[in-house]
There are 2 protein chains.
Amino acid sequence: MHLRGAMRIKPIIRLLFIGAMLCISGFAMSQPPTGPQVVSPKVHADKKVTFSYRAPNAKEVILDGQFPPGKVPMVKDSQGIWSVTVGPIKPDIYPYSFRVDGVNVMDPANVDFFPNERFKGSLLDVPGDQPLIHAVRDIPHGAVSYALYPSIEGSTGSVVIYTPPGYDKNKSTKYPVFYLISGTTDTEETFFKVGRTNFILDNLIAEGKAKPMIVVMPYGNPAARIAEQKGLPKPTDLMSRDGDDAVNRAKMFETDLVSKVIPYVEKNYRTLNNRENRAIGGFSRGGGQTLRSAFGNMDKFAWICCYSAYLSTPEMEKTFKHVYENPAKTNKDLKLFWIGVGNEDFLYQDAVKFIDFLKEKKVKHTSLITPGGHTWMNVKTYVTETAQLLFK
Amino acid sequence: MHLRGAMRIKPIIRLLFIGAMLCISGFAMSQPPTGPQVVSPKVHADKKVTFSYRAPNAKEVILDGQFPPGKVPMVKDSQGIWSVTVGPIKPDIYPYSFRVDGVNVMDPANVDFFPNERFKGSLLDVPGDQPLIHAVRDIPHGAVSYALYPSIEGSTGSVVIYTPPGYDKNKSTKYPVFYLISGTTDTEETFFKVGRTNFILDNLIAEGKAKPMIVVMPYGNPAARIAEQKGLPKPTDLMSRDGDDAVNRAKMFETDLVSKVIPYVEKNYRTLNNRENRAIGGFSRGGGQTLRSAFGNMDKFAWICCYSAYLSTPEMEKTFKHVYENPAKTNKDLKLFWIGVGNEDFLYQDAVKFIDFLKEKKVKHTSLITPGGHTWMNVKTYVTETAQLLFK
């Protein structure tokens with residue numbers, strides 16, 4: 001198809017010509033774009049942010065972001081591009097999406113996305129005047145690896161593993177390990193891509209505030225993965241009202257963690273293999289799993305970090321009496337038992353109840369109540385706080 | 001907020017109750033779902049596939065997939081869920097999206113996405129009756145690392161690196177390196193997430209068909225990244241008709257590759273550091289960059305793999321005369337010069353012209369013409385073919 005000199009012809013021919021011209025410069029695309037390129041989001045110097053989304057046929061497009069003012073209607077221009085400017089927005093990284101005629105979609109112009117099984121969102125990064133603790137700074141960086149490991153029931157599991165700066169060079173050094181678990185519908189990528197755990201650790205290590213450590217981020221729902229690999233319908237996590245069902249899935253996670261993930265990590269990485277050098281933490285469902293896995297394996301973990309989660313008093317009484325029946329022993333065994341929650345989190349009251357329960361039972365713990373809700377902005381704060389406390 | 005026993009009340013209270021119930025089981029979510037969970041895509045035993053998308057207010061939803069029949073209208077049910085069943089589809093991994101009132105969106109129910117700066121798509125995985133060369137098999141797996149490296153102009157570059165099975169154990173072994181570059185709007189993740197390069201290599205190595213090698217996948221557009229890190233507007237790649245502009249951007253890529261990426265890799269990984277042990281390949285814009293980088297650095301690479309790309313005769317005559325003026329030398333120096341293209345690719349004719357040019361100039365090369373177009377299905381075929389030829 002020779003299309004040189006076709007510039008005056010119809011739009012489709014013009015598009016083909018552009019394609020051809022790009023090829024002439026040895027430059028071609030996986031998929032041709034439709035229409036002029038929308039740039040979104042645009043963070044301005046004053047920290048206002050303009051979002052744009054092309055949807056000429058939509059009746060309504062709403063910006064749906066985890067930053068004030070929350071949901072904001074966007075306005076369509078003559079080219080069918082919807083826009084809105086909000087802010088100034090406090091520097092941080094925030095999930096957002098566009099709600100198009102009632103359906104939330106990602107920002108197609110933004111490569112920063114929120115890895116998730118259930119919804120699709122994008123990430124707004126508002127940089128600070130000084131680099132924030134999760135920013136990419138000019139310091140030594142660790143690496144993030146995607147690995148597969150032999151999991152339970154003959155399945156293959158996925159895990160993302162952070163190794164600190166210097167790991168590849170210091171070939172005789174062994175490292176402590178922080179097992180870090182994300183929430184419902186999150187994937188093994190979420191603590192990396194949304195939590196920016198690797199950058200937070202890089203920066204804290206560079207500042208001498210955290211010990212170099214390996215961070216292991218497993219996928220939190222082996223029950224679903226196993227069902228999928230066996231060709232069975234996935235268990236409907238989200239609608240489970242049966243306490244036992246959720247407890248069973250958590251048990252499956254714990255079995256996978258203790259009998260498969262930990263041995264895999266200890267076989268393939270240079271790790272210190274004792275409870276003093278194993279921490280476990282997690283957000284939301286991952287926080288619940290953290291508590292259950294830690295309490296069920298006190299011989300394995302000496303550091304517990306619970307972000308935006310709790311266990312109910314009935315479950316503590318049913319399954320984890322040993323944790324509080326001899327508080328002196330627990331307090332000696334656990335080098336850290338840390339709980340963080342936002343005071344606008346929908347489970348704030350339950351988390352407070354859990355903290356009160358621990359207080360009453362004289363189980364030593366540290367709690368941090370922050371502003372905000374059940375968000376990854378708070379998770380980043382909690383990772384930053386706890387990483388400075390581990391293995392010291 | 002105590003909501004037990006609120007099951008009979010309004011839907012929003014019901015949703016809050018479900019949230020609370022999930023919390024009671026120590027199980028909470030990053031973001032509550034809206035409505036019943038849609039499962040999509042559903043691959044049936046006969047390899048037909050059902051796609052579903054909830055959009056109660058949309059006027060039109062079309063399945064837009066890189067498999068027959070291409071664009072297909074979906075049909076809305078009484079719950080506002082649009083569906084269609086297509087196929088049987090030949091086993092492979094295909095990009096697709098839903099075109100909702102004229103705008104393409106990802107499938108929110110599908111965690112497999114297409115990493116890209118410009119559009120958002122999902123990936124349909126139709127497994128074979130026997131595992132395909134890109135499937136996850138029960139064999140030793142390599143690892144995929146996300147790393148940062150100090151790039152040109154004081155910027156920080158991103159690169160994804162595959163290390164083969166055994167890399168961590170065989171601490172005295174050094175490996176050859178395949179530098180593999182994706183296309184316009186692709187990211188450094190695309191050869192991993194869409195190309196499944198790591199699984200293809202795992203499987204070929206397990207079968208004894210490929211030499212264990214490191215694969216380095218850099219981001220293909222440092223010019224854009226540098227502009228972004230400096231707070232400048234990104235160069236509008238897609239509309240560039242200026243040959244020089246594209247050549248300059250390719251030069252910037254080449255400088256980054258040769259002066260920053262390669263030294264970073266050779267410093268941090270156990271590599272064989274000579275031209276006989278360095279291969280370079282790429283798809284689309286990455287193929288053009290492959291040719292320019294290889295021809296401009298014949299002392300660095302002895303293996304060239306060009307997927308769905310070419311250089312024009314004028315550019316060859318202007319810049320790369322040395323490649324064809326002494327064909328005997330080139331043919332001795334290059335251990336492999338491989339070009340693959342689909343016969344339905346929009347740049348097929350130009351690729352054929354390039355192959356004919358090489359033939360005429362007596363530059364030895366291998367070419368593979370496959371059915372299909374400018375797709376990642378073809379790229380996976382080309383990676384599979386060439387990985388078996390490298391470093392032998």
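Let's start at a small landmark in chain B: B:Pro88 sits in the loop that runs between β6 (81-86) and β7 (92-100) of that chain. What kind of peptide bond joins B:Gly87 and B:Pro88? The bond is cis, with omega at about 10°. Keep in mind as you look around that this is a predicted model.

Now turn to chain A, where A:Gly87 and A:Pro88 are likewise joined by a cis peptide bond, with omega of about 10°. A:Pro88 belongs to the loop between β6 (81-86) and β7 of chain A. Another backbone detail to look for in chain A is A:Glu153, which is not a glycine yet has a positive phi, near 55°. You will find A:Glu153 in the loop between β11 (143-150) and β12 (156-163) of chain A.

With those landmarks in place, we can step back to the layout of chain A. The domain assignment splits out domain 1 (42-126) and domain 2 (143-387). Taken over C-alpha atoms, the centres of domain 1 and domain 2 of chain A are 31 Å apart. Each domain brings 15 residues to the contact between them: 15 from domain 1 of chain A and 15 from domain 2 of chain A. For residues 45-103 of chain A, the UniProt record, an unreviewed entry, gives the feature "domain: Glycoside hydrolase family 13 N-terminal". That stretch of chain A, residues 45-103, is 54% strand and 0% helix, and its end C-alpha atoms lie 31 Å from each other.

How do the two domains of chain A meet? It helps to recall that interface size is often expressed as the accessible area lost when the parts come together. Between domain 1 and domain 2 of chain A, about 1,300 Å² is buried, and carbon and sulfur atoms give 58% of this area. On the domain 1 side, A:Ile93, A:Pro115 and A:Glu117 supply 42% of the area buried against domain 2 of chain A, more than any other three residues.

Polar and charged groups take part here too. Seven residue pairs are in polar contact across the interface of domain 1 and domain 2 of chain A, with both residues of each pair at pLDDT 80 or more. In chain A, β7 (92-100), β9 (113-114) and β10 (121-126) each supply at least two residues of the side of domain 1 that touches domain 2. The largest share of that side, four residues, comes from β7(A). By type, the residues on the side of domain 1 of chain A that touches domain 2 are eight nonpolar, five charged and two polar. Three salt bridges are counted between domain 1 and domain 2 of chain A. You can also look up the salt bridge between A:Arg196 and A:Asp112, whose closest N and O atoms are 3.9 Å apart.

Finally, let's widen the view to all chains, over which the salt bridges come to 32. Among them is the pair A:Lys193 and B:Glu189, with the closest N and O atoms 2.8 Å apart. Why does this pair join two chains? A:Lys193 lies in helix α2 (residues 190-193) of chain A, while B:Glu189 is in the loop between β13 (177-181) and α2 (190-193) of chain B, so the salt bridge links one chain to the other.

Technical notes. Residues are numbered from 1 along each chain as its sequence is written. Chains are lettered from A and ligands numbered from 1 in the order in which they are written. This is a predicted model: local features need pLDDT of at least 70, side-chain atom pairs count only at pLDDT 80 or more; totals for chains, interfaces and linings use all residues. Side-chain values use heavy atoms; hydrogens and water are left out. UniProt positions are given in the numbering used here, feature names are shortened, and annotations may be inferred rather than shown by experiment. Domain bounds come from an automatic or database domain assignment. Contact means heavy atoms within 4.5 Å. Buried area is the accessible area (1.4 Å probe) that two parts lose on being put together, summed over both. A salt bridge is a side-chain nitrogen of Lys or Arg within 4 Å of a carboxyl oxygen of Asp or Glu. A polar contact is a pair of N or O atoms within 3.5 Å; within protein, one must be able to donate a hydrogen and the other to accept it, and residues adjacent in sequence count only if both atoms are side-chain atoms. Ala, Val, Leu, Ile, Met, Phe, Trp, Tyr, Cys and Pro count as nonpolar, Asp, Glu, Lys and Arg as charged, and the others, Gly among them, as polar.
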